[in-house]
Amino acid sequence: MTAFFAILKRDLRLSLGAGGIGLPIAFFLLVATLYPFAIGPDGALLARTGGGVIWVAALLAALLPIDRLIAPDAESGVLDQYAVRGIGEEAVATAKIAAHWLGFGPPLMLAALPAAALLRLDGETLAAVELGLLVGTPGLAALGVMVASLTAGVRRSGALGGLLMLPLAVPLIIFGAGSIGDFGGGALRFLAASSLLLVAIAPFAAGAGIRALRE
Amino acid sequence: MSARLAVEALSCLRGGRILFKGLGFTLQPGEALLLTGPNGVGKSSLLRIIAGLLPAFSGHVETSGGSALADEHMALDPRLPLAEALGYWARIDGGDHDTVVDALAAFDLTRLAEVPVRMLSTGQRRRATLARVHAARAAIWLLDEPGNGLDAASLALLAEAMAAHRAKGGIILAASHQMLDLPGAASLTLEAAA
């Protein structure tokens with residue numbers, strides 16, 4: 001357990017430090033800023049579509065950290081050193097997922113506040129968006145670590161990571177955006193189920209990916 | 001610590017080629033083995049199999065007392081000061097501040113403790129890697145080309161650290177193409193497979 005929390009703490013520190021979460025959050029806010037420019041100042045239209053835009057922006061922002069989640073640790077031998085110490089790859093992946101979510105989910109939920117203002121969302125919609133992000137970002141974080149470990153051995157893995165991750169994130173965006181609006185309760189449950197499924201399988205898939213990197 | 005390293009009928013398959021087969025040896029506390037042989041005969045692969053990083057094609061490896069591996073990867077966070085980067089591994093291995101201080105002193109790195117890891121020179125990086133192994137408090141040291149990039153003074157420090165480790169009942173398995181100062185060490189030369 002010492003190792004688990006040590007890995008979590010280290011990864012969280014790396015993610016909150018320079019080159020970490022700042023860029024994805026700035027990107028997220030930039031998308032939310034650009035959208036009203038493209039659509040025009042029609043407040044009603046912005047308010048109706050804004051929730052979905054926040055989800056698209058969140059998904060795109062989740063792509064940015066992928067190449068720093070696993071590849072640097074694989075190249076510098078850190079993952080090998082975990083293995084020499086008998087720390088299982090699944091445990092490493094779980095710690096990395098937890099750290100990635102802590103460094104990604106809450107900052108994104110905070111950034112959703114100014115984004116909601118830019119998109120003219122009302123309080124009720126904002127609450128639904130925040131609840132959806134709370135439920136959905138663990139799934140996004142798990143997916144990010146999983147895709148990162150599967151693409152870490154590939155050169156220029158950024159584009160490949162996006163190609164792998166976006167289709168797998170489709171349920172999150174459907175149910176995430178669906179949870180906003182009048183009949184959002186059912187969609188929120190589906191969002192929770194998709195998120196939970198990703199969190200459950202990601203440690204094993206990422207663990208297998210990390211092992212495969214050694215060959 | 002009750003150190004033991006036993007390798008039995010071990011063979012290694014890499015990229016569709018048998019690198020070595022039928023390899024066997026046993027090391028007791030205080031013993032050392034120097035692996036030699038030309039490039040590409042599987043010295044590093046043998047160390048990685050023993051460290052548990054590669055599967056053996058056949059045969060098996062038994063270790064007790066924990067192992068620590070120094071290969072070409074430093075595995076230290078480049079942005080952190082050296083002492084802090086070593087401290088990360090020391091904490092995982094159940095060590096404390098003194099473990100790091102001892103390891104730094106053993107490889108003459110004490111005055112570099114506050115220097116960020118990315119600023120270190122080649123020889124200093126090598127010594128930092130060895131200090132990480134020293135701080136791991138493992139019984140079995142697996143050293144892959146530990147003398148690479150080290151000057152004469154650093155080689156003497158390495159010899160001293162290895163002697164101290166063996167005196168405490170530790171085991172050393174070193175792969176090197178240069179001579180290492182390992183008094184009384186057995187030697188195993190891997191031949192290129194036909």
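User: How do you know that the length of helix H2 (residues 22-39) of chain A agrees with its number of residues?

Analyst: The expected span of a helix is 1.5 Å times one less than its number of residues. For the 18 residues of H2(A) that gives 26 Å, and the end C-alpha atoms are 26 Å apart, so the two agree. Helices (H or I, at least four residues) and strands (E, at least two) are DSSP runs, numbered from the N terminus. This is a predicted model, in which local features need pLDDT of at least 70 and side-chain atom pairs count only at pLDDT 80 or more, while totals for chains, interfaces and linings use all residues. Residues are numbered from 1 along each chain as its sequence is written, and chains are lettered from A and ligands numbered from 1 in the order in which they are written.

User: What makes A:Pro24, A:Phe28, A:Ala32 and A:Tyr35 lie on the same side of H2(A)?

Analyst: These four are buried, a term that requires 20 or more other C-beta atoms within 10 Å of the residue's own (exposed: 12 or fewer; partly exposed: in between; C-beta atoms placed from the backbone). They cover an arc of only 85 degrees around the axis, therefore they share one side of H2(A); the arc is that of the directions from the helix axis to the C-beta atoms. The face turned away from the buried side carries the exposed residues A:Gly22, A:Ala26 and A:Phe37.

User: Which helices do the buried residues of H2(A) pack against?

Analyst: They pack against helix H3 (43-63) and helix H7 (89-118) of chain A. Contact here means C-beta atoms, placed from the backbone, within 7 Å. After H2(A) comes A:Gly40, with a positive phi near 100 degrees.

User: Why is A:Leu126 called buried?

Analyst: A:Leu126 has 20 other C-beta atoms within 10 Å, so the residue counts as buried. A:Leu126 belongs to helix H8 (residues 123-151) of chain A. Leaving aside neighbours within four places in sequence, A:Leu126 is in contact with A:Ala116 and A:Leu121.

User: In chain B, what is the order of the open sheet of three strands?

Analyst: The order is S2-S1-S4, with antiparallel pairing. Two strands pair if DSSP finds at least two bridges between them. Six bridges join strand S1 (residues 4-14) of chain B to S4(B).

User: What makes strand S2 (17-27) and strand S4 (58-64) of chain B edge strands?

Analyst: Each pairs on one side only.

User: How many residues does each chain give to the contact?

Analyst: Chain B gives 16 residues and chain A gives 13 residues. On the side of chain B that touches chain A, the largest share, four residues, comes from H2(B).

Notes:
Two residues are in contact if their C-beta atoms, placed from the backbone, lie within 7 Å.
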